[in-house]
Amino acid sequence: MASKAGDNPDSLMALSTAFCLRNLRKTMCYLGDRNKLCLRSDVFLPSEICDKLVNTYMELVHTDSNFKPQDGFFQLFSDPRSTRLTRIQLREDIVQDRDLEAIGKQDLIELHLTSCHNLSARSLRTLTSFRQTLVSLSLFGCSRIFYRKGGAPLAFDEEEEEEEEERPASRQALDTDFSFQGFNRLRLLNLGGLPEEVDVEGLLKPLPALTSLDLSGVQLPRAAFLAQWKERLASLVLYNVDLSEELINTVVELGHLRHLDISREHTSKFKMTRKTLTAIVQGLVNLVSLDISGHIMLDNCTVPHFEEAMGRPSIEPCKSSIYPFQELKRPLQFLGLYNTTLCNVTHIPAYKVTGSKNEDQVLNAIEAYTEFRPELAHRAINQLFDIARIQHCSQLLRALQLVIAALKCHKYDKSIQVTGSAALFYLTNTEYRSDQSVRLRRQVIQVVLNGMEQYQEVTVQRNCCLTLCNFSIPEELEFQYGRVNLLLLKILEPARQDESIQRIAVHLCNALVCQVDNHHKEAVGKMGFVKTMLNLIQKKLQDRMCDQVMEFSWSALWNITDETPDNCQMFLNCRGMSLFLDCLKEFPDKQELHRNMLGLLGNVAEVRALRPQLLTPQFISVFSNLLDSKADGIEVSYNACGVLSHIMFDGPEVWAMEEPLRETVMDKMMAAIQSWDVTSRRNINYRSFEPILRLLPQSIAPVSQHWATWALFNLVSVYREYDWWLGGLPAGRWWWTFWGSQAESWWLSFRH
């Protein structure tokens, strides 16, 4: 059978790299003096492996909650005689000055630093150690790297570092000593988010050979300095840079440009006129990529609708609905028109267009803007959400992969997490499920759980919980079983949780402990599952409210105590029986509630060591009275009789109470059993028949044997067509046939 798209296995390289990083001390390293992580002396790692190790390490730190940063990790790559680094990408606050210093002797060719807010001018000094080899450098969002911590001279002492990092940013002073002098090989430079105080012109002057420059969000007091690269520059990004006539005139002189980005997040006073666009097209004849997203477009830029070329949408420049682009010699490879009116025209001369007109434009926008422009990606994901919710997503695989990538990349961006988790809910529902691979659905689960861990905010939590409801539970969540249970229990901790989230979370908890192995139930019980459910029940009792949360909580306790003595003990220890009596008194007519509670107590009664705690006049009287209940068909009466059957199985010698009499209770049990219709269809969810079979080969309590026989006969006669609950039985259908005939003969003997 052919695998679904996106279901290809990870490469051996990827698997090996992740394994080594998760097991550093067992593979490449040992603990040296002062518990310092050291590389083994017989290890030599080429650049292909070292680069992969560092880049995968960063990915695991940011996307896998079970993977913790390793103190001293970058120190493993300090010696170029045993390790070689050439191309690495580091991001966000995990990266410290000392980490860059640790790899200062490496001959780096590419170094991409993204939003590394903890880097200071100490790291500028480290950058100079790479000046002989560095070809590509990104300092996007690393504005603090241009400041000295504490306004003091550059620190060299490791012991001073922690003190420095605690000093407030207000005491930081701009470093004016750094220069790109000597970075003779540097060709690609990203200074997005450079602080206003930095003299960008002076900083860039020593770099005459640049071919790619990103100055996103940078203030340019004098535009003319860009002309120094007019013979070399192939890519220029001026996202969120205030445009002016002077700047446009300078840009159009850069005749070698192939990619130009003058887009904006918000509109500005600058108006994109037909004249401006024409100047760009005529002056930049080598252009293959242009982004003018976010600009106010004047009406004279587009062909009137009635004059547009007829027929299917065309990418031929001569048919362009945008006048200036009719002068293009060939269609553009990429054209950014997001948040402009131009994306709505019929004929756009570009192979890939960002915009909001249709699904393709929206997906292109998510793809183009996710890494460095989360504010635009957030809007585009929101539009994808509407497409998946109201219309139909025709590029499901691509849509899911893009949303997953955005959620991974911006784990700490609340707006991305809110819109991304909402989109995932609709992209993973039943309509799209058949097209999704196991691997892709697991990736969805991972990013959803990441969002739940990072944000306790109501909208994110609700979206994530609802998305999990689209999966087969517990099967599809089993690979993250402990983690998802911990997160759900954490959601349910607050006394006043949002009602809708509480209801969904309890439903998920219930589904997760149904039809799983006992070791899973025991592990979840130790996490505090039983206590959490009882706390919810207590709260609902105080509010005198019997709703789905109340019923699901008892149902979840019923499931988690099934053949799990430790959890049954926890239930008793946490005043479970007291809550049972209170619920029975407060909600005498709630049939579903009664059934769930009695089912749970049946599990407790199956544990011989715990039965003495049920053998009190109060509890026995309650169980005995419930034998007469007609609630939910025979369910409550049946379950109450099951509890008493296990208690009776221990014999008369344990019955120490005077009232009610054991014989009286047994008579009521026998009368109840005989009143039931053996063809009744009931709410069946047995994982094992062992507790029932245990009551058969004995004579000390015939009524217990009677109840067990009735139960078996009812199961094998009424539910003969259902084998799903027999899935765990090893013997197969012969078991069914054997016990069916045995139960029938026993039942007939009891009836006569």
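**A walk from helix 13 outwards**

Let's start with helix 13, residues 414-427: its 14 residues reach 20 Å from the first C-alpha to the last, close to the 20 Å expected at 1.5 Å a residue. Keep in mind as you look around that this is a predicted model.

Which residues of helix 13 are buried? They are Ile416, Gln417, Thr419, Gly420, Ser421, Ala422, Ala423, Leu424 and Leu427. These buried residues pack against helix 11 (374-390), helix 12 (396-409), helix 14 (430-433), helix 15 (438-454) and helix 16 (458-468).

One of those partners, helix 12, deserves a visit of its own. Helix 12 has 14 residues, which should span 20 Å at 1.5 Å a residue, and its end C-alpha atoms are indeed 20 Å apart. Its buried residues are Leu396, Ala399, Leu400, Leu402, Val403, Ile404, Ala406, Leu407 and Cys409. As you trace such a list along the helix, it helps to recall that an α-helix has 3.6 residues a turn, so residues three or four places apart point the same way. The buried residues of helix 12 pack against helix 10 (359-369), helix 11, helix 13, helix 14 and helix 15, and also against strand 3 (87-91).

Now move to a single residue, Pro324, in the loop between strand 14 (296-297) and strand 15 (332-336). Is Pro324 buried or exposed? With a relative accessible area of 1%, under the 20% cut-off, Pro324 counts as buried. Leaving aside residues up to four places away in sequence, Pro324 touches Arg274, Leu277, Thr278, Val281 and Cys301. Thr302 lies 22 residues from Pro324 in sequence, and their C-alpha atoms are 8.5 Å apart in space.

Finally, step back to the chain as a whole. Its secondary structure comes to 30 helices and 16 strands. The radius of gyration is 34 Å, well over the 27 Å that the globule rule gives for 752 residues, so the chain is more spread out than a compact globule. Along the principal axes, the C-alpha trace spans about 105 × 75 × 50 Å.

Buried residues make up 54% of the 752 residues. Of the contacts between residues at least 6 apart in sequence, 67% join residues at least 24 apart. On the outside, the chain exposes about 33900 Å², with carbon and sulfur atoms supplying 50% of that area. As for charge, there are 79 positive and 91 negative side chains, and the centres of the two sets lie 3 Å apart.

Methods
Residues are numbered from 1 along each chain as its sequence is written. This is a predicted model: local features need pLDDT of at least 70, side-chain atom pairs count only at pLDDT 80 or more; totals for chains, interfaces and linings use all residues. Side-chain values use heavy atoms; hydrogens and water are left out. Helices (H or I, at least four residues) and strands (E, at least two) are DSSP runs, numbered from the N terminus. The expected span of a helix is 1.5 Å times one less than its number of residues. Buried means under 20% relative accessible area, exposed over 50%, partly exposed in between (1.4 Å probe, protein chains only). Contact means heavy atoms within 4.5 Å. The radius of gyration is taken over C-alpha atoms; the globule rule is 2.2 Å times the number of residues to the power 0.38. Accessible areas come from the Shrake-Rupley method with a 1.4 Å probe; for residues, only the protein chains shown count as cover. Lys and Arg count as positive and Asp and Glu as negative; His and the chain ends are not counted. The place of a charge is taken as NZ of Lys, CZ of Arg, CG of Asp or CD of Glu.
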